[in-house]
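Got your viewer ready? Let's take a walk through this protein, one selection at a time.

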Amino acid sequence: MPTLSVLSKHDQKEFDCPPILSAEARSFCFTLSKEVEKKITHLRTPTNKIGFLLQYAYFKACKRFFLVSRFREEDIHYAAKLLDIQISEVDLSTYKKKTPIDHQASILKLLDYRPFNNQVIQWLGKELELRMQRLTEPYQIFTELLQLLYNQRIEIPTYHRLVDLISQHYLSYENNLLSLIKYGLKPKDRKKLNDLLTIEKEQTLGFLGQLKIINQSIKPKAVQASARLFQKVSDYFNVLFRLIDSLKLSEHNCTYYATWVKKAKLSQLKQFSNKERTYLHLIAFFQHQFYSRQDSFVDILLKCVQSAKNTALNKLTEKDQLTRAERRAAVRHLTKTNRRYKDLIDEITEITKSTLLSDTDKIQKIMTSLEEHSQQQGEIEQKKIELFARSLDSLAKDKDYFDILESLSIKLQNRVNKIIKVLVFNHETSNKVLINAIEYFKEHNGEVDKKSPLEFLTKDEREAVLNNKKGFKPSLYKILLFMHVADAIKSGELNLKHYYRYLSIQEYLIDKDLWGKQKEELLKLTGLEHFAHFYEVIKKLRKQLDEKYHYVNQRLLEGRNPYLSIDEKDKVYLTTPPLEERETEYIAALLGQVGYIPILRVLFEVDHLTKFTQCFKHHAIKHVKGKPKPEVFFAGIIGLGCNIGLSKIAKISTGVQENTLLNTANWYFNHKNLLAANDSLVKMIHKLSLPNIFIKEKDKIHASSDGRKVNVGVDSLLASYSFKYFGKDKGVSVYTFIDERQALFHPLVMSSAEREAAYVIDGLQDNDVVKVAIHSTDTHGYSEIIFAATHFLDIAFAPRIKNINSQKLYAFSSGKTYKKRGYKILPSRTINQKLIEQYWEDILRFMVTLKLKKVTASQLFKRLSSYAKDNPLYKALKEFGRIIKSLFILTYYDDVILRQRIEKQLNRIELSNKFSNAVFYANDGEFKQATKEEQEISTLCKVIIQNAIVLWNYLYLSQLLANCIDDKEQDNILFLIKDGSIITWRHINLHGEFDFTKHIGNSFLFDMKKILFLKIAQPPAGG
């Protein structure tokens, strides 16, 4: 049976060898309980005693046993000294056969661990079957199994034993798929796939080549071309559907095989010796194409409809401004006219009362006055009055709005008509009335008339479409249909049949039946068991909130909070003194002493320490040939991370070939690999002692996140227009997280039109390297639902909310209750406890889903908020969040140090955004990639460069501190470092030509032994 390659040969050897123990670790591992001492005392020979103790110590260190031949000499001597045994009495070559195995069984019993036996193998087999459903990368499975064994207190086996088990399940899973294809693929369908490979040519962009890129343009011709291409995909999908249904490929597995086809050349697709394996990749490719293109069409539909809505509203606003002016003029004119009529009546009255005029003269005089008055009014008056009447009538019936929509319909039809025709909706889970209208539209090839279904329209919309004077308005009908379809997709009323995104919220959540059967186990698995009982949770929060109102008000009334005041209108005023200004350029000056360091050298030296390039795994799980050299990865990271481009970096560099670089980026540069590489840098930053001087509270890491707007220079469905940020161009938002040690983690790319709040939990929940205790954002990253979610995650959410004194406070008791106590800071409204209680089970199910990472938090929150008005889960979660928000705001009012901490942490993320601009400098800092996946790959490369610089800065400063003459000199340096920022890059050369043939060799700058053993306490208050 072929064995998968999980670790490099060096790492395999390291895994199966005892750890190198520091003095502190050795002291801990060799500490013996009375029971262990008693066990060792009863052993007969010195060799057995030493052997037993070493196995015991190594197992305490890493929960596994090692070959006797690999015991470390320094540990043997330490054990002998500890047991007061002469080293000459020890001969470990005789410590073999049954004795070590018996000792292992005793050690497991003493430490309350289970052996790795057949029962454990069967249990792990079930866990592996679950992981096969998402064809998880072998290394990830390997680490997950290690964690499972550790959590269940089970002995960890040797590397090869564990990898053989993983390989066996991989082979079994894929063989089952190949068998289904062998017996389930009809001869004519087999021929259809074979013909596809025969017709395709390597050098031309054939059918498969065209499918590898989904056009991101929303121009009519591009959309229509995509629709025509989709029809061909649909033909293959429909032919293969029965087989696709039997394979039951998960989204992850389908994406894996499809991505392989996307990355591979035609010759690579043909090279499989097993023809069924070729078919498996092609079948998955067509399934993935069908699903992805359905999602893409929905993106275009929503984007185009929203654009039409925005245009209509803008035109309506412009027209409303005009009609308002006209109405005001008409009103003024009517008022003036009324005055003139009054004057005319007064004048006629005077004429009739005149005693000097005869009756004939009076009539003549009256006729002249009437004629003059009539000429003054003229046609202008009549037009203004008519215009005024039309304006009022139009306003009453939204006539202008429907007229504007109708005028925009043709433009929208050119983009959306084809999309409506190719979207495949799920009739069972969708709004039946709307489905009828869509099916009529499809059956009649987009032609609509009076017989078209009208039930989905509102009363006003029906009246506008069935205009009495002009009859049925097809253009207005179509644009209204498109708008209703878009709204229904967003709200979950209309669902696609085959798709990856736009599921209903219930489809995202854990199945209700499964929840009913396994609620307790799921809560325990996700660490949420203490939320199981609603009344216990709410009782605790009620007490906390009431005490917080009392504490904050009491301090205010007693004058113990000089930074908080309330005016006579009960408006809260806060003042936050700025942090004491100290030397902030000191770090930059110290780093500047080393000269101008090329970024290439930084990457070489950092990789020498962290081996982050080993995190790059080939997309193919099996049959991978030699891996590229580290310098090729450096070239790719710089090319994408500095926005230079891969082809250009190859052209302006020495020592890297363009084909090699492009091939490496194609097969190795994906989100998972780059995230792992960045995580390895963050772990090394955390391993150093120096970064800890920036931590305010031990074991309570404070992080922050913020978005940076980036222009996109190509057609992209993710990009949005925003005059405020991009002028007439469009762009996206790059959302990044940073901790107190100033390490950057979990960057994301999102639409600039989306609220950042939905993505906050992604970085907190999905990163595996920074365990955040407190998290801060600006107002864009805050929402009441995020307060709720972070509470369940045991993270204190501490945003900087704009106009926080205008935010509503909530309590379980009414404002009158607190007012009677003489409090000044009062709640605006009471918490709707019944609402939270009613949907508590759904809230728990939602949070368990989130913690199990079935789907990203941002997908869950976006889907939930898309139909917030009607969804009771959204309302209940928001209501719960108001409790946590109120607790935070009261704390924020009272705690000036917290306010300063939030400000300082947000300053760090803002500085990191400037750092990003400096690194991502080429092509005017504008993305040249169209898709979210490509943009996130570039962003991760940029963040790797940033973290590499941050780590290099720490190493250099740590080296300086390690070389200090005495403690006083070290304290003086630390004092000045503490109030600066490690995020400085003036000493780094990011520009110029790159020579990848020059290795750092023996010129490595840092003495890691000194740096890693450097112990730094918090610097003194004075320098």
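**Stop one: a leucine in H6**

Select Leu 108, which sits in helix H6, residues 98-110. Keep in mind as you go that this is a predicted model. Is Leu 108 buried or exposed? Its relative accessibility is 6%, and the cut-off for buried is under 20%, so Leu 108 counts as buried.

Now add Tyr 56 to your selection. Along the sequence, Leu 108 and Tyr 56 are 52 residues apart, but from C-alpha to C-alpha the gap in space is 8.8 Å. Next, show what Leu 108 touches. If you skip its neighbours within four places in sequence, the contacts are Phe 59, Phe 65, Tyr 113, Arg 114, Pro 115 and Glu 155.

**Stop two: along H15**

Jump to Arg 277, in helix H15, which covers residues 275-353. Arg 277 has a relative accessible area of 16%, so this one is buried as well. Which residues does Arg 277 contact, leaving aside neighbours within four places in sequence? Select Glu 174, Leu 178, Phe 272 and Lys 622 to see them.

Stay with H15 and look for empty space. A search of the whole structure turns up 1 cavity of 30 Å³ or more. The largest cavity holds about 40 Å³ of space. To find its walls, select Ile 214, Asn 215, Ser 226, Arg 293, Ser 296, Phe 297 and Ile 300. H15 gives the most to this lining, with 4 residues. Try colouring the lining by type: you should get 3 nonpolar, 3 polar and 1 charged.

**Stop three: a threonine in H28**

Your next pick is Thr 664, in helix H28 (residues 658-668). With 2% relative accessibility, Thr 664 is buried. Turn on the backbone atoms of Thr 660: its backbone oxygen is 2.7 Å from a polar atom of the Thr 664 side chain. Then show Pro 628, Val 632, Phe 633 and Phe 669, which are in contact with Thr 664 when neighbours within four places in sequence are left out.

**Stop four: an isoleucine in H39**

Head over to Ile 944, placed in helix H39, residues 932-962. Its relative accessible area is 0%, so Ile 944 is buried. How many residues apart in sequence are Ile 944 and Leu 675? The answer is 269, yet their C-alpha atoms are 8.7 Å apart in space.

For the surroundings of Ile 944, select Phe 612, Ile 637, Leu 674, Ala 677, Asn 678 and Leu 681. Ile 944 touches each of these, not counting residues up to four places away in sequence.

**Last stop: strand S11**

Finish with a strand instead of a helix: select S11, residues 772-776. Why is S11 described as largely enclosed by the rest of the structure? Because 5 of its 5 residues are buried.

Now bring in the strands that pair with S11. Strand S7 (residues 701-711) runs parallel to S11, and 4 bridges join the two. Zoom in on Ile 701 and you'll find it opposite Val 772 in S11. Strand S12, residues 796-797, also pairs with S11 in the parallel sense, over 2 bridges. Pick Ile 774, and its bridge partner in S12 is Ala 796.

While you're here, show the side chains. In a regular strand, side chains alternate between the two faces of the sheet.

Key:
Residues are numbered from 1 along each chain as its sequence is written. This is a predicted model: local features need pLDDT of at least 70, side-chain atom pairs count only at pLDDT 80 or more; totals for chains, interfaces and linings use all residues. Side-chain values use heavy atoms; hydrogens and water are left out. Buried means under 20% relative accessible area, exposed over 50%, partly exposed in between (1.4 Å probe, protein chains only). Contact means heavy atoms within 4.5 Å. On a 1 Å grid over the protein atoms alone, a cavity is a set of points where a 1.4 Å probe fits but cannot get out, and a pocket is an open set with protein on both sides within 12 Å along at least five of seven lines; lining residues have an atom within 4 Å of a point. Grid points are joined across faces, edges and corners, and a volume is the space filled by probe spheres set on the points. Ala, Val, Leu, Ile, Met, Phe, Trp, Tyr, Cys and Pro count as nonpolar, Asp, Glu, Lys and Arg as charged, and the others, Gly among them, as polar. A polar contact is a pair of N or O atoms within 3.5 Å; within protein, one must be able to donate a hydrogen and the other to accept it, and residues adjacent in sequence count only if both atoms are side-chain atoms. Two strands pair if DSSP finds at least two bridges between them.
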